[in-house]
Amino acid sequence: MSVSPSFSQSANQLGHETSPYLLQHKGNPVHWMAWGPDAFVQATAQNKPILLSVGYAACHWCHVMAHESFENPQIAAVMNELFVSIKVDREERPDIDQIYQNALALLGQSGGWPLTMFLTPDREPFWGGTYFPPAPRYGRPGFEEVLRGVAAAYRREPETIQHNVTMLKDALGQLNQNQARQNQNIDASMLDHVAERLAQEMDPVHGGIGRAPKFPQAGVFTLLWRAGLRTGHQPYRDAVITTLTRMSQGGIYDHLGGGFARYAVDEAWLTPHFEKMLYDNAQLIELLTLVWQDTHTPLFAARVRETAAWVLREMVAEEGGFASTLDADSEGEEGKFYVWREAEIDELLGSDAALFKHWYSVTPQGNFEGATILNRLDTTALGDIATEASLAALRQVLFKARAHRIRPGWDDKILADWNGLMIAALANAGMVFEEPAWITAAERAFRFVRGHMTEDGGDNRLGHSWRAGQLKHMATLDDYASMARAALMLYEALGDDSLLAQARAWVTVLDRHYWDETAGGYFFTADDAAGLILRIKNAHDTATPSGNGAMVAVLARLYLLTGEDAYRRRADELVAAFAGEAARNIFPLAGLLNAIDLLHDPLQVVLIGDAAQTYAMRRVVLERSLPNRVLSVIPTGVDLPATHPAHGKGRLGEAATAYVCAGMACSLPVTDPQALAALLTRR
């Protein structure tokens with residue numbers, strides 16, 4: 001059957017959307033629709049299957065498939081005749097993405113983006129894949145061939161389609177059942193066992209997990225770091241330090257502008273997939289800060305400062321909220337903004353070029369398609385003070401020259417969960433490195449989310465995504481968990497009681513609308529979310545921490561700060577709901593396990609006195625790597641809640657006074673910073 005390539009441009013309905021990714025496709029000849037009832041009604045009325053395409057604005061292969069297929073009038077015409085085509089931004093709708101990524105995995109295929117799934121009009125998946133070339137290559141069938149084959153099967157083989165639908169629906173339901181174990185005790189010995197197992201997967205030469213590609217799996221590296229601190233086992237610490245050193249000196253790091261790319265395509269961290277994501281950089285700021293607190297490595301401090309500077313310079317969006325991503329591509333080429341030809345460097349740096357080229361591995365042949373990705377992997381150690389000062393000046397010359405290039409695309413939508421990650425990271429790093437501007441930026445972003453991304457009604461219901469003055473989509477578990485954690489970290493930094501109250505309010509929303517009263521655990525979506533075939537529930541980290549894992553930590557902190565047993569009980573119920581998962585697959589559970597470590601072995605420090613009085617005490621705490629730290633600074637004359645373990649304790653005389661509490665028991669008061677340091681060392 002031939003299909004006419006004619007199409008109606010106005011049939012594409014993405015022009016009124018706010019997502020930069022969807023707007024990238026508003027000019028396609030494909031009759032794209034957004035996810036929603038209009039598309040489902042049309043598919044039902046026309047008895048057509050749904051073609052669901054999921055991607056994001058910074059995705060290189062999404063751009064490739066768009067240029068090859070979605071901008072191709074012939075292929076678009078086939079899509080328009082045979083399917084109702086729906087385009088989804090996976091960052092704007094992570095709920096949709098998770099469901100159909102799981103379905104693809106159940107079909108035995110690797111996930112990723114662009115995700116291409118075929119659904120019935122009832123949104124039930126029956127087949128799918130990721131990237132398809134326009135014509136057969138890479139061992140993949142051509143996209144037009146796929147389209148015609150799927151449409152023919154849908155028309156002629158309804159029994160096969162229904163079989164696939166039933167199989168996937170049942171399997172998704174099974175996958176969504178959490179492995180509860182009420183009597184499972186996830187204690188320090190189990191955490192140590194998990195660390196030992198994960199350490200076996202670490203690359204001893206280049207760091208990171210396994211071989212290529214390599215992702216900055218901050219949760220896994222944090223678990224190993226915690227285990228090293230807990231056990232004193234040096235190989236755990238060395239594995240993390242090696243990883244962070246190689247990443248910090250590799251091409252995955254932007255040596256001119258700061259910030260880390262999403263992953264490296266090779267095992268040495270040299271060649272990045274060039275997009276920069278807010279969530280990766282938030283987690284790496286936090287991990288680098290934690291490791292620096294123990295090692296005081298200048299390289300790690302520099303990378304924290306440079307990455308924070310990049311965030312505040314390039315990632316602040318509307319009214320202080322943080323934008324989502326920077327694209328991998330500019331001028332249609334991946335990495336073009338970031339790489340250098342030797343001749344460019346020679347011209348810009350003149351007689352100093354030789355020094356720069358030696359330290360940053362610049363060669364005539366380059367290391368990326370004839371150009372050079374700047375890196376310092378040949379010699380990861382820093383040079384002497386004079387050399388590093390010279391290199392810093394030369395980097396500034398190249399940075400200013402690079403500013404005249406055409407920049408990668410900027411996705412400036414503000415996501416509540418990713419903002420929470422960055423707010424917490426900057427608040428904590430701002431305290432540790434004594435950078436009040438970072439804390440101010442974190443507070444401003446927090447106020448934006450709380451003020452602009454709260455739905456009307458006054459019941460603390462968050463929205464997920466904001467752009468161009470519009471709040472869109474119901475918040476997920478991750479939004480609440482991430483923002484509640486951000487509130488608690490800002491509470492440590494600022495001592496503002498309204499931040500503690502806000503965290504408590506968001507937990508109340510989760511308990512009311514997201515908690516599974518039958519099997520325990522929080523669902524990813526609310527009980528009044530619409531348009532989804534099921535409510536996902538798991539404790540698995542993805543590129544971002546698991547919402548259920550993060551909530552264990554939030555509940556633990558609330559219990560410690562308030563002494564209210566209800567928070568501890570809910571944390572224990574949450575752990576029990578997923579305790580059986582540890583026996584099945586430990587790799588995606590780092591976030592949950594790190595939170596359990598905090599729940600079982602917290603280090604609560606209460607300082608009593610004003611800011612000036614407690615300054616020296618705060619520095620003692622903040623200059624130590626204490627991942628289970630819960631720090632409270634209580635002004636003189638302010639009472640802690642009656643249920644708090646330090647309730648009724650005060651200053652000794654006029655001196656700032658510290659108490660170190662474990663559970664509901666606190667140490668004797670100390671007034672000398674050195675005495676506090678000794679107490680923390682013993683703990």
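In the predicted model, the torsion about the S-S bond of cysteine 59 and cysteine 62 is about 80 degrees, so the disulfide between these residues is right-handed. The bond itself places the two sulfur atoms 2.4 Å apart, a value that falls within the 2.5 Å limit used to assign a disulfide. Both ends of this bridge were also examined for solvent accessibility: cysteine 59 has a relative accessibility of 3% and therefore counts as buried, and cysteine 62, with a relative accessible area of 2%, is likewise buried, the cut-off for this class being under 20%.

A search of the whole structure returns two disulfides. Besides the pair formed by cysteine 59 and cysteine 62, cysteine 661 is joined to cysteine 666, with a separation of 2.1 Å between the sulfur atoms. For the bond between cysteine 661 and cysteine 666, the S-S torsion is about 95 degrees, and the disulfide is therefore right-handed. The accessibility of its two ends was computed as well: cysteine 661, at 1% relative accessibility, counts as buried, whereas cysteine 666, with a relative accessible area of 22%, is partly exposed. When the bonded cysteines are counted along the protein chain, the connectivity follows the pattern 1-2, 3-4.

Turning to the strands, β15 (residues 603–608) and β16 (residues 629–634) are paired in the parallel sense, and six bridges connect them. Within this pairing, glutamine 604 stands opposite valine 630, the latter belonging to β16. Together with helix α23 (residues 611–622), strands β15 and β16 make up a β-α-β unit, and this unit is right-handed. Of the six residues of β16, five are buried, so this strand is largely enclosed by the rest of the structure.

An antiparallel arrangement is found in another part of the chain, where four strands form an open sheet in the order β6-β7-β8-β11. The edges of this sheet are occupied by β6 (261–264) and β11 (410–411), each of which pairs on one side only. Inside the sheet order, strand β7 (residues 272–277) runs antiparallel to strand β8 (residues 325–326), and the two are joined by two bridges; at least two bridges are needed for strands to count as paired. Methionine 277 has threonine 325 of β8 as its bridge partner. In general terms, the strands of a sheet pair through backbone hydrogen bonds, in either a parallel or an antiparallel sense.

Among the helices, α16 (residues 416–432) packs with α17 (residues 436–452) at an angle of about 155 degrees, and the axes of the two helices lie 8 Å apart. Angles over 145 degrees count as roughly antiparallel, and α16 and α17 are therefore assigned to that class. The crossing of these two helices, α16 and α17, is left-handed.

Finally, one loop position was considered individually. Glycine 383 is located in the loop between α14 (353–359) and α15 (385–402). Its relative accessible area is 22%, so glycine 383 is classed as partly exposed. With respect to aspartate 266, glycine 383 lies 117 residues away in sequence, and the C-alpha to C-alpha distance between the two residues is 26 Å.

Key:
Residues are numbered from 1 along each chain as its sequence is written. This is a predicted model: local features need pLDDT of at least 70, side-chain atom pairs count only at pLDDT 80 or more; totals for chains, interfaces and linings use all residues. Side-chain values use heavy atoms; hydrogens and water are left out. Buried means under 20% relative accessible area, exposed over 50%, partly exposed in between (1.4 Å probe, protein chains only). A crossover is right-handed if, with the strands pointing away from the viewer, the path from the first strand over the helix to the second runs clockwise. Axes are lines fitted to C-alpha atoms, for helices over the stretch in contact, and angles run from 0 to 180 degrees between N-to-C directions. Angles under 35 degrees count as roughly parallel, over 145 as roughly antiparallel, 65 to 115 as roughly perpendicular and the rest as oblique. A crossing is left-handed if the near helix is turned anticlockwise from the far one by less than a right angle, and right-handed if clockwise.
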